[in-house]
2 protein chains.
Amino acid sequence: MLGLMQDWPLTCTRILDHAARNHGRTEIVSRTVEGPIHRTDYASLRQRALQLAKRLDSYGITHGDRVATLAWNTVRHMEVWYGLLGLGAIYHTVNPRLFPDQIAWIVNHAEDRLLFVDLTFLPIVEKIWPQLRTIERVVVLTDAAHMPETSLPKVAVYEDWLAEADADFAWKDIGENAAAGMCYTSGTTGDPKGVVYSHRSNVLHAMTAAVPDMLGLRSRDRVMPVVPLFHANGWSLAFSAPLAGAALVLPGPRMDGESIWGLLDAERVTLTAAVPTVWLMLLQYLKKTGKALPWLERVVIGGSACPRAMTKAFEEDYDVRVMHAWGMTEMSPLGTVCSIKADYAGLAGERLLDIQEKQGFAPFGVEMKITDDVGRELPWDGRTFGRLKVRGPAIASGYFRNDDRSAFDDDGFFDTGDVAHIDPAGYMQITDRSKDVIKSGGEWISSIELENVAVGHPDVAEAAVIGVAHPRWDERPLLIVVPKEGARPTRDSLLAFMDGKVAKWWLPDDVVVVDEIPHTATGKIRKTALREAFSGYRLPTAE
Amino acid sequence: MLGLMQDWPLTCTRILDHAARNHGRTEIVSRTVEGPIHRTDYASLRQRALQLAKRLDSYGITHGDRVATLAWNTVRHMEVWYGLLGLGAIYHTVNPRLFPDQIAWIVNHAEDRLLFVDLTFLPIVEKIWPQLRTIERVVVLTDAAHMPETSLPKVAVYEDWLAEADADFAWKDIGENAAAGMCYTSGTTGDPKGVVYSHRSNVLHAMTAAVPDMLGLRSRDRVMPVVPLFHANGWSLAFSAPLAGAALVLPGPRMDGESIWGLLDAERVTLTAAVPTVWLMLLQYLKKTGKALPWLERVVIGGSACPRAMTKAFEEDYDVRVMHAWGMTEMSPLGTVCSIKADYAGLAGERLLDIQEKQGFAPFGVEMKITDDVGRELPWDGRTFGRLKVRGPAIASGYFRNDDRSAFDDDGFFDTGDVAHIDPAGYMQITDRSKDVIKSGGEWISSIELENVAVGHPDVAEAAVIGVAHPRWDERPLLIVVPKEGARPTRDSLLAFMDGKVAKWWLPDDVVVVDEIPHTATGKIRKTALREAFSGYRLPTAE
Ligand SMILES: Nc1ncnc2c1ncn2[C@@H]1O[C@H](COP(=O)(O)O)[C@@H](O)[C@H]1O
């Protein structure tokens, strides 16, 4: 027997419809790539998204088509998302910080038909254009007055192109399980993998994100996602803020301390979110200038572990509540937030900071377990650590055009590649990582790719790359090499050799030459042993 | 192209699984029907619900079966819900305040197989037993020590019956669109109508209920639903509290001011919910005794309009924030909550009370519109009123075994029977009712049924019943009669005639004899004209 409830598919455009109808005049403020601040509201965003959908429709974009964006957090970027969503097409956010070859690989793998690009990233697109096999046209997110010369053959100016349509359009009917968005992660070994969000997963994730023990979004909030939209859905905020009717403040291309503070202050932002590296820059700016944060109530910090000193500084010096969050691209991305339960409600000072170092507990919709290497569940005692695995409606069941199921167990749990313990109150804390990647300033660096490049050097017999703690970037790569017999590779010759073969910011911060690298029985490099051996290593780049 | 996200059906037992795993030791405190306070937690509730599911399964209850409850808010009632849900069977909450014949009618219409009943209501069941056509067995929610003599032929004592199974059971796999619960509403004309909730609608509704601008439930909250579980899912709290991991305090059979205050205080309740009549009793008790509400932070008031003086008293005298809420059985039931948006954030005093008299704005998942009588949409200007219609995933699409589609328009919107205006900020305010029913102390009284009984009186030519404002019950029925020629029906003879034909609390508070009742062109009684004519009428029962 079925329920007798209305059939109301969970499609993303319903979120925008809701915001436009119930919070139509609520502001969306963007710092534009061109410079000035731009102000609009949800009712207008919806009109522009309808217009874009009509324009895309007349161009021939349809259900299931992928369209790439290389863009900052601005309202134009959001228009593109919702315009595509309203056709059943798929927004594919590409991370502009990747090495150009990787960007080309990803766009080709996704078979994106169009590419919407901010002025900032036009040079990248020009550079990789010959490699792009499926892009039919590049749309530059600007107006005619700001459009530069370009070598691209098939290009349109966003505002002109958009103006060719009016907003008299209705969202297409698509099921809630249709693909909605796509984001490649390099947080795994091997080629980047495409996570494909559905309308349903995005909507459920936004609902989950909004609840009080997660982000706790109210219509009264003014929310600034500093975390880029190209990082796993901007931690849900392009959906959860309109769902809650909260105002949005979008920082565009400027993420330095002064620019961030400027918006927080001028726009009276109440909640903001980004990786620790961004907040380090802000705190340094505040300290230097003596500025305060009178409007900001809450700061969401995740992507890497939030350092204890950062929590302390925000809470004690600026009276801003820190919400330590953990998640990943495959989780849409929010997994846990460290809200304070009744169990810990009485704590203060260092005892409270002990709790806030934890990544938090799971909301309804995220199931967690920790297991040993053969999949047996481990107890939640706050000490025993194991592989952290998750299940839920907004968690990936696989990757785009990729048959690798190795990350999923028989019960459908996804292995996050994080190693954690969970305490009896349900608070999870990450203690290590089983995946062989390094996270620097919120972005992934592939150890294996660096190793492959390094062993190409004529003097190198074997190479290993590990992440070493760094005060600003959380982790930075350290290259460890065993020289070929008789050879004496130097730090400088190695770095010079690697330069140009990977992104500049991937280059190791230091090189250590050793006689031997430890191996497992099956001949793999024992990264755990290396990480342990170099756990106290002080990088020359660490101030 | 479909998303690549996990298939994770929104079934109600996942909420309990979540609470048991992540908030396992969070308390559920019940005042028992037998008297004492009983304490348990989510982990134990889950075990007992599994045990009950196993017991029901071995009895032969299966997917799609309906099972009735006539019960107060206690943890046993919740066990029954979740036990049934875990089998794919349907909890059917029956309102014990209905006239016994109505109860029998409803249980027969639903074809309930079992009936779980609190000691309080056993006499009702004994009385209607001969009428019940489908109930195979009555399970009395008590233990052997408290089991009274009963005339019922097929009866079991809950605790003994439950003990026949252990908890080694797994929830059955059912789709999210399966029926989950059932609740008959008499808030419409004609026979009571069965609303059938699905697992999906209950889960989505609980997620919606939890967000900050709705009930804003945190794991730190201690939530007391005074609103009965048999009133439209207890306003979601049996689902939304475990979803948020909040503690539950269940008041059992006692809802007088002293008992409610006792629990609010002893159990440090932070959020509670009920109809205005309950809060009137509490406020009177507080005034009389000089007691305070040091723990309570928020009170949800709905089911009838929350009087301005009540909001003022809670907020100014007791520092408790009032959340005026509107909804209906067909809406699972929450529709709107009057949270304060940025638009009104600066208001205080009488200006703020003006806003708080409104029923509030719609969350994501509730679409509202107001229309004229031919279905044309009306503007949201805060003045123009019209029929309030709603659409959403937790709103009924029809009634159980009932083909009447008259409440639904072509776009699938459900006509609430309320008349309202909506202001530019999205705040809805109910101004009148198009349905011919009266709401007294949170319960419906059918005008038409009273009229049908009254015209049976030998002296009555025509009868009309309208609701008239009452300080305690919000509305009470006033009977207006036109005598047969030459007859002189008196108040007393009329009320004596009606007594026993309807529930005692349905009897009109007063009777007015008139020469003529106004009619529409098609010969129907013009209730609007009558309500206007008697809008200032002072009932003798109004202190
Ligand atoms: N709060 C956090 N603490 C520690 N590591 C984190 C945190 N948030 C995210 N991560 C790491 O970042 C990964 C997800 O990266 P991504 O998919 O790029 O968002 C996780 O699996 C963790 O390894």
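These legends accompany several close-up views of a predicted model. Local features need pLDDT of at least 70 and side-chain atom pairs count only at pLDDT 80 or more, while totals for chains, interfaces and linings use all residues. Residues are numbered from 1 along each chain as its sequence is written, chains are lettered from A in the order in which they are written, and side-chain values use heavy atoms, with hydrogens and water left out.

**View 1. Chains A and B are related as by a two-fold rotation axis.** A turn of 180 degrees and a shift of 0.0 Å along the axis lay chain A on chain B with an RMSD of 0.1 Å, superposed by least squares on the C-alpha atoms of residues with pLDDT of at least 70 in both. In chain A, look for A:Val211, whose C-alpha is the nearest to the axis, at 2.2 Å. The copies meet through the same surface, because 100% of the interface residues of chain A are also interface residues in chain B.

**View 2. A:Phe314 belongs to the largest nonpolar core.** This core has 306 residues, and A:Phe314 is listed with A:Phe116, A:Trp279 and their chain B counterparts B:Phe116, B:Trp279 and B:Phe314 as having the most contacts inside it. A nonpolar core here is a set of buried Ala, Val, Leu, Ile, Met, Phe, Trp, Tyr and Cys residues joined through side-chain atoms within 4.5 Å. Beyond four places in sequence, A:Phe314 touches residues including A:Trp279, A:Leu282, A:Ile301 and A:Val322 (contact: heavy atoms within 4.5 Å).

**View 3. A:Phe116 and A:Tyr158 form an edge-to-face pair.** Their ring centres are 6.1 Å apart and their planes lie at 80 degrees; rings pair if their centres lie within 6.5 Å, and planes over 60 degrees apart count as edge-to-face. A:Phe116 is in strand β5 and A:Tyr158 in helix α6, 42 residues apart (DSSP runs: helices H or I, at least four residues; strands E, at least two). Both are buried, with A:Phe116 at 0% relative accessible area and A:Tyr158 at 0% too (buried: under 20%, with a 1.4 Å probe and protein chains only). Ring pairs link these two with A:Tyr59 and A:Trp161 into a cluster.

**View 4. A:His324 sits in strand β14 of chain A.** With a relative accessible area of 1%, A:His324 is buried. Its side chain reaches the backbone nitrogen of A:Cys306 at 3.0 Å. Contacts of A:His324 beyond four places in sequence include A:Ser304, A:Thr336, A:Gln356 and A:Lys358.

Conventions: Buried means under 20% relative accessible area, exposed over 50%, partly exposed in between (1.4 Å probe, protein chains only). A polar contact is a pair of N or O atoms within 3.5 Å; within protein, one must be able to donate a hydrogen and the other to accept it, and residues adjacent in sequence count only if both atoms are side-chain atoms. Rings of Phe, Tyr and Trp (its six-membered ring) pair if their centres lie within 6.5 Å; planes under 30 degrees apart count as stacked, over 60 as edge-to-face and the rest as tilted.
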